[in-house]
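This report describes a single protein chain for a reader who is new to structural terms. Please look over the sequence and the model before reading on.

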Amino acid sequence: MNHTQQLAERIEAKREEFIQISDKIWGFAESRFQEFQSSNLQAEYMKAQGFRVVQGIAGEETAFTAEYGSGKPVVALLGEYDALSGLSQQADRPEHCPVEGCSDGHGCGHNLLGTASLAAAVALKEYMEENHLPGTIRYYGCPAEENAGGKAFLVRDGAFQDCDIAITWHPGWMNQVTPSGSLANFRVFYTFHGKSSHAAGAPHLGRSALDGVEIMDVGVNYMREHMIDEARIHYAIINTGGTAPNVVQSEAQVLYAIRAPKVTQVKELFERVNDCARGAALITGTTVDIKQVAAYSDYRANDVISQRLGVHMDELLPIGYTEEELAYAKKFQQVITDLDRENLKETAKKLAGKDSAQLLEQPLFDFRVTKELGGGKGSTDVGDVSWVVPTGQFNAVTWAAGTPGHAWQIVAQGKGPVAHKGMLFAAKVMAATAYDFLTQPDLVQQAHQAWLDDLDGETYPNALPADAKPEIW
């Protein structure tokens with residue numbers, strides 16, 4: 001029995017413990033920098049397993065590390081546990097049905113993500129103890145991946161400075177090693193200040209902050225024709241200045257997400273958006289405060305780590321599903337939107353060509369996708385880690401094929417049997433891959449050299465403002 005099988009057996013032996021942790025975090029459904037129950041649950045579990053735990057790192061109360069072993073190499077396993085706001089949903093229900101008294105939900109599967117990485121660390125720790133292996137395994141409990149880029153603060157404050165290798169994964173509907181290509185991303189608040197007045201009796205005495213927001217948004221929308229195709233800009237009006245139309249709004253606020261393939265491109269767009277804001281303030285006779293609260297760097301996949309992840313994914317696939325599990329997935333596949341269904345068809349054509357109809361009959365893709373489908377258009381703070389540590393990431397199937405991201409359908413499937421199987425599969429892949437680097441110094445050196453070659457002299461483009469800090473907003 002090889003080490004992959006032995007590590008997999010250790011994970012299976014504790015499967016009910018890991019499922020229970022994941023399901024509890026699903027129920028906590030805590031959003032960015034508020035993951036106190038989720039973080040404490042994992043930290044206490046790791047203490048009980050014999051790890052050295054340090055909580056509240058880099059100014060993030062809900063961040064922690066759990067470490068075992070000593071010396072080099074230091075292999076990091078990255079976990080997350082934050083939920084998304086506005087995605088409350090009952091488990092196992094194939095219709096939108098929010099949980100009463102709860103507004104948030106795990107619409108990106110982070111209850112599974114963090115638990116799988118934790119499980120891999122636990123299995124490795126036991127194996128290292130039994131076989132007297134050198135090196136250090138370190139689990140990172142990382143908060144606020146959604147919207148706030150929690151890992152960027154950890155990187156900025158040196159939490160990864162002694163790491164040699166970083167490994168993580170993400171839930172999804174395909175088994176695939178993640179390529180380079182996530183988008184760099186700034187999150188920025190624009191707060192307009194005007195002057196209140198009676199909108200009917202003395203409108204000439206007022207200066208509308210809401211007008212400032214709206215004119216800014218119009219200006220940015222006209223920018224879209226004149227920026228690179230790969231860029232993305234989105235916004236949400238956070239504060240409209242009240243609900244009374246007969247009062248000129250004295251304050252209004254909008255939150256922007258500005259994305260592009262490279263941080264330098266985001267910075268250029270950021271300045272143009274700032275000009276739109278300043279111009280809108282000038283037009284409306286208001287003032288505007290600009291506050292950047294988060295920055296994500298693009299993800300750079302390490303070829304050496306990616307290759308080892310692929311080897312172990314192939315070794316452990318197929319996951320294998322029962323008829324009941326296939327039927328479970330099918331019922332959720334039937335409630336995706338027409339647009340998501342078209343996206344699924346297009347993906348199937350890329351993967352299977354003329355056999356795509358046969359592939360579409362499978363509600364779960366139980367194989368590794370090796371065709372290049374292009375980098376994701378979302379953003380992840382794993383990108384920041386990849387600039388300072390050789391990093392590998394992969395996706396594993398945890399929900400029905402075609403399920404849209406950041407949607408109630410993901411929350412509904414988050415405690416289901418498919419999600420649990422995918423989580424445990426991911427843990428096994430990470431444990432086996434981490435073992436390779438713990439026991440093969442040459443492999444660590446190869447990964448380091450590949451990382452240097454990929455950077456080609458570039459350095460980490462830390463785009464967080466010097467005064468930015470982890471905070472709830």
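Among contacts in the chain between residues at least 6 apart in sequence, those joining residues at least 24 apart make up 81%; contact means heavy atoms within 4.5 Å. The model is predicted, with local features needing pLDDT of at least 70, side-chain atom pairs counting only at pLDDT 80 or more, and totals for chains, interfaces and linings using all residues. Residues are numbered from 1 along each chain as its sequence is written, and side-chain values use heavy atoms, with hydrogens and water left out.

**The chain as a whole**

The secondary structure comprises 15 helices and 13 strands. Helices (H or I, at least four residues) and strands (E, at least two) are DSSP runs, numbered from the N terminus. The chain has a radius of gyration of 23 Å, which agrees with the value near 23 Å for a compact globule of 473 residues. This radius is taken over C-alpha atoms, and the globule rule is 2.2 Å times the number of residues to the power 0.38. The C-alpha trace spans about 85 × 50 × 45 Å along its principal axes. Of the 473 residues, 57% are buried, where buried means under 20% relative accessible area, exposed over 50%, and partly exposed in between (1.4 Å probe, protein chains only).

**Strand E3 and its partners**

Strand E3 covers residues 74–80, and 7 of its 7 residues are buried. In a regular strand the side chains alternate between the two faces of the sheet. From E3, Val74, Ala76, Leu78 and Glu80 point one way, while Val75, Leu77 and Gly79 point the other way; all are buried. Two strands pair if DSSP finds at least two bridges between them. The partners of E3 are set out below.

| Partner of E3 | Bridges and direction | Residues standing opposite |
|---|---|---|
| E6 (residues 135–142) | 7 bridges, parallel | Valine 75 of E3 and isoleucine 137 of E6 |
| E7 (residues 165–172) | 3 bridges, parallel | Alanine 76 of E3 and alanine 166 of E7 |

**Glutamine 176**

Strand E8 (residues 176–177) contains glutamine 176. Is this glutamine 176 buried or exposed? Glutamine 176 counts as buried because its relative accessibility is 12%. Apart from neighbours within four places in sequence, glutamine 176 is in contact with Met313, Val369, Lys371, Leu373, Phe394 and Asn395.
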